[in-house]
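Grab a pencil and work through these exercises with the model open beside you. Try each task before you read its solution.

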Amino acid sequence: VQFGKEVKLAFQRSAGIFIMYLTACANEFSKENKRQTILPEDIFKALEELDFDDFVDPLKSYYSLYMKPTRIGSKNRLTARGRTSSVLSRLILYFLC
């Protein structure tokens, strides 16, 4: 199946708007808890608030797998991969597509 250029642009734009709306909702949850940082729990609550309950459990399990420590370098140091909410944004886009 091929999509026209306009369809791709419309999908990119709508996905970006969805992420901004989800972030705004998650920001409200973080402010309610008197924090300036949006945590993954805020994103999960925002998804539930926006009636995307079906995505919460798969995202939580995938996120926990993603955050497991991994061995890097020759010294076998343990590190966790990027702990930012942008990780969740990418995961949400992955599940939506």
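**Exercise 1.** Find how the axes of helix α1 (residues 5–32) and α2 are placed relative to each other, and list the residues that make the contact.

*Solution.*
Step 1: Before reading anything off, note that this is a predicted model, where local features need pLDDT of at least 70, side-chain atom pairs count only at pLDDT 80 or more, and totals for chains, interfaces and linings use all residues. Residues are numbered from 1 along each chain as its sequence is written, and side-chain values use heavy atoms, with hydrogens and water left out.

Step 2: Get the geometry. The two axes come within 8 Å and cross at roughly 115°. Axes here are lines fitted to C-alpha atoms, for helices over the stretch in contact, and angles run from 0 to 180 degrees between N-to-C directions.

Step 3: Put a word on it. Angles under 35 degrees count as roughly parallel, over 145 as roughly antiparallel, 65 to 115 as roughly perpendicular and the rest as oblique. So α1 is roughly perpendicular to α2.

Step 4: Pick out the residues, taking contact as heavy atoms within 4.5 Å. From α1 you should have Phe-18, Leu-22, Cys-25, Ala-26, Phe-29 and Ser-30, and from α2 Asp-42, Ile-43, Lys-45, Ala-46, Leu-47 and Glu-49.

Step 5: Sort them by class. Ala, Val, Leu, Ile, Met, Phe, Trp, Tyr, Cys and Pro count as nonpolar, Asp, Glu, Lys and Arg as charged, and the others, Gly among them, as polar. The tally for α1 with α2 is eight nonpolar, one polar and three charged.

**Exercise 2.** Now do the packing of α2 with helix α3 (residues 53–66).

*Solution.*
Step 1: The angle between α2 and α3 is about 160°, and their axes sit 8 Å apart.

Step 2: α2 and α3 are therefore roughly antiparallel to each other.

Step 3: On the α2 side, the meeting residues are Pro-40, Phe-44, Leu-47 and Glu-48; on the α3 side, they are Asp-53, Val-56, Leu-59, Lys-60 and Tyr-63. That contact of α2 with α3 splits into six nonpolar, no polar and three charged residues.

**Exercise 3.** Which residues of α2 are buried, and how accessible is Ile-43?

*Solution.*
Step 1: Set the cut-offs: buried means under 20% relative accessible area, exposed over 50%, partly exposed in between (1.4 Å probe, protein chains only).

Step 2: The buried set in α2 is Pro-40, Asp-42, Ile-43, Phe-44, Ala-46 and Leu-47.

Step 3: Ile-43 comes in at 4% relative accessibility, so it counts as buried. Measure C-alpha to C-alpha in your viewer: Ile-43 and Ala-24 lie 9.7 Å apart in space, with their positions 19 residues apart in sequence.

Step 4: For scale, 25% of the chain's 97 residues are buried.

**Exercise 4.** Where are Lys-34 and Asp-51, and are they buried or exposed?

*Solution.*
Step 1: Lys-34 belongs to the loop between α1 and α2. Its phi is positive, about 55°, although it is not a glycine.

Step 2: Lys-34 has a relative accessible area of 77%, so it is exposed.

Step 3: Asp-51 belongs to the loop between α2 and α3, and its phi is near 65°, again positive in a residue other than glycine.

Step 4: With 66% relative accessibility, Asp-51 counts as exposed.

**Exercise 5.** Which elements have the lowest and the highest mean pLDDT?

*Solution.*
Step 1: List the elements. Helices (H or I, at least four residues) and strands (E, at least two) are DSSP runs, numbered from the N terminus. You get four helices and two strands, in the pattern α-α-α-β-β-α.

Step 2: Compare pLDDT, the predictor's confidence in each residue, from 0 to 100. Strand β2 (residues 77–79) has the lowest mean, 48, and helix α2 (residues 40–49) the highest, 94.

Step 3: Chain-wide, the average is 81, and 70% of the residues score at least 70. Where pLDDT is low, don't read the predicted coordinates in detail.
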